[in-house]
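Take a look at the sequence and the 3D structure below. Keep both in view as you read.

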Amino acid sequence: MGDAAVFRDMTEADLAGGLRLSRASGWNQTLEDWRLALSLGPGLFRVGVEDGRVVASGGAVRYGRDLAWICMILVDPGCRGRGLGTRVFDEVLARVIEAQARDGLVAVGLDATPAGRGLYAPRGFVDGPPLVRMRREGSAPAASGSPEPPPEPDRLSAARPMAAADLDAVLALDREVFGADRAAVLRDALARAPGLAHVAVAGGRVRGYCLGRHGDHSDHVGPVVAADLARARALLCAALSARPGRPVIVDARAPWTAALEALGFRAQRPFTRMYLGDARPPARPALELAIRGPEMG
């Protein structure tokens with residue numbers, strides 16, 4: 001299956017082809033998102049090319065020795081059903097497993113749709129926490145009538161815009177929460193979407209933060225990191241005020257979905273966070289109420 005396609009390493013010249021695939025599937029990546037992912041996965045991105053066109057893609061971003069995140073498994077809609085997605089996934093997985101043996105890579109993860117899970121589970125991936133993609137249209141009403149109480153000022157500072165001076169503290173906390181160093185991803189988010197980046201500070205310390213990106217068709221807020229739902233809500237509401245006319249996506253952990261519904265979000269589809277075997281990054285996932293996104297972990 002897929003014999004007519006030639007598979008090779010992805011290059012900068014293939015980024016436009018990757019963007020075409022993600023748009024054809026309704027995904028939210030921009031050309032800059034593709035470029036960032038490719039830069040973080042040297043030797044781990046593959047494409048299938050047929051008649052000079054990219055018809056399949058896949059790769060993995062690396063976070064040092066702690067984590068590789070498989071992502072961007074895409075097939076041209078007109079070429080589906082020929083095994084191209086399976087082949088590109090298997091080629092990426094083989095390279096990641098080589099990196100485990102060569103570099104001592106600790107963990108390998110991905111976010112699976114219900115359809116994709118049937119491909120990944122037989123290859124040794126096991127279920128982690130469930131996630132739900134939530135979307136709020138740009139015309140959604142403000143959250144003034146939310147039944148969730150606002151943050152209490154005596155124990156929680158209001159969220160404020162993230163400044164460059166906050167980055168060291170944010171990156172240190174994120175390293176603990178995510179279990180790997182994704183400083184390049186968060187620095188990129190702050191540079192490209194500063195209006196979506198906020199921190200919650202109490203007692204002179206950063207107690208929570210959120211960042212985001214301006215995607216192809218929607219703004220995407222994530223990660224959202226906080227020790228409690230009230231602080232997470234304050235951060236998200238601050239981000240929502242940045243561009244109120246644009247749809248917003250949040251990929252949330254299950255405990256937060258009810259609060260998001262009260263803010264005008266509606267569930268779109270589930271994901272399952274999966275890991276290869278028993279290895280996990282040394283993370284604190286309960287503090288990450290919303291992830292960066294399936295393409296970055």
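What follows is a short walk through this structure, which is a predicted model.

Start with the pocket. The largest pocket holds about 670 Å³ of space. Its lining is made up of 29 residues. Find Trp27, Ile73, Leu74, Thr113 and Tyr120, for these lie nearest the centre of the largest pocket. Several elements give two or more residues to this lining: strand S4 (67-75), helix H3 (84-103), strand S5 (107-112), helix H4 (114-120) and strand S12 (266-276). Which element gives the largest share of the lining? It is S4, with six residues. What kinds of residue line the largest pocket? There are 15 nonpolar, eight polar and six charged residues.

Stay with S4 for a moment. Met72 is found in this strand. Met72 has a positive phi of about 60°, yet it is not a glycine. Most residues other than glycine have a negative phi. Is Met72 buried or exposed? Its relative accessibility is 3%, so Met72 counts as buried, since the cut-off for buried is under 20%.

Asp51 makes a useful contrast. Asp51 also is not a glycine, and its phi is positive, about 55°. Look for Asp51 in the loop between strand S2 (46-50) and strand S3 (53-63). Asp51 has a relative accessibility of 77%, so it counts as exposed. The cut-off here is over 50%.

Now turn to H3. This helix has 20 residues. At 1.5 Å a residue, H3 should span 28 Å. Its end C-alpha atoms are 28 Å apart, so the model agrees with the expected span. Some residues of H3 are buried, including Leu84, Val88, Phe89, Val92 and Leu93. The charged residue Glu91 is also on the list of buried residues. Just after H3 comes Gly104, with a positive phi of about 75°.

Next, look at the backbone at Pro223, which is found in strand S10 (residues 219-226). A cis peptide bond joins Gly222 to Pro223, with omega at about 5°. Most peptide bonds are trans.

Finish with the cysteines. How many disulfides does the structure hold? It holds zero. Take Cys237: the nearest cysteine sulfur, that of Cys210, is 10 Å away. A disulfide needs two cysteine sulfur atoms within 2.5 Å, so a pair at that distance does not count. Cys237 is partly exposed, with a relative accessible area of 25%. Cys79 has a relative accessibility of 9%, so it counts as buried.

Definitions and conventions. Residues are numbered from 1 along each chain as its sequence is written. This is a predicted model: local features need pLDDT of at least 70, side-chain atom pairs count only at pLDDT 80 or more; totals for chains, interfaces and linings use all residues. Side-chain values use heavy atoms; hydrogens and water are left out. Buried means under 20% relative accessible area, exposed over 50%, partly exposed in between (1.4 Å probe, protein chains only). On a 1 Å grid over the protein atoms alone, a cavity is a set of points where a 1.4 Å probe fits but cannot get out, and a pocket is an open set with protein on both sides within 12 Å along at least five of seven lines; lining residues have an atom within 4 Å of a point. Grid points are joined across faces, edges and corners, and a volume is the space filled by probe spheres set on the points. Helices (H or I, at least four residues) and strands (E, at least two) are DSSP runs, numbered from the N terminus. The expected span of a helix is 1.5 Å times one less than its number of residues.
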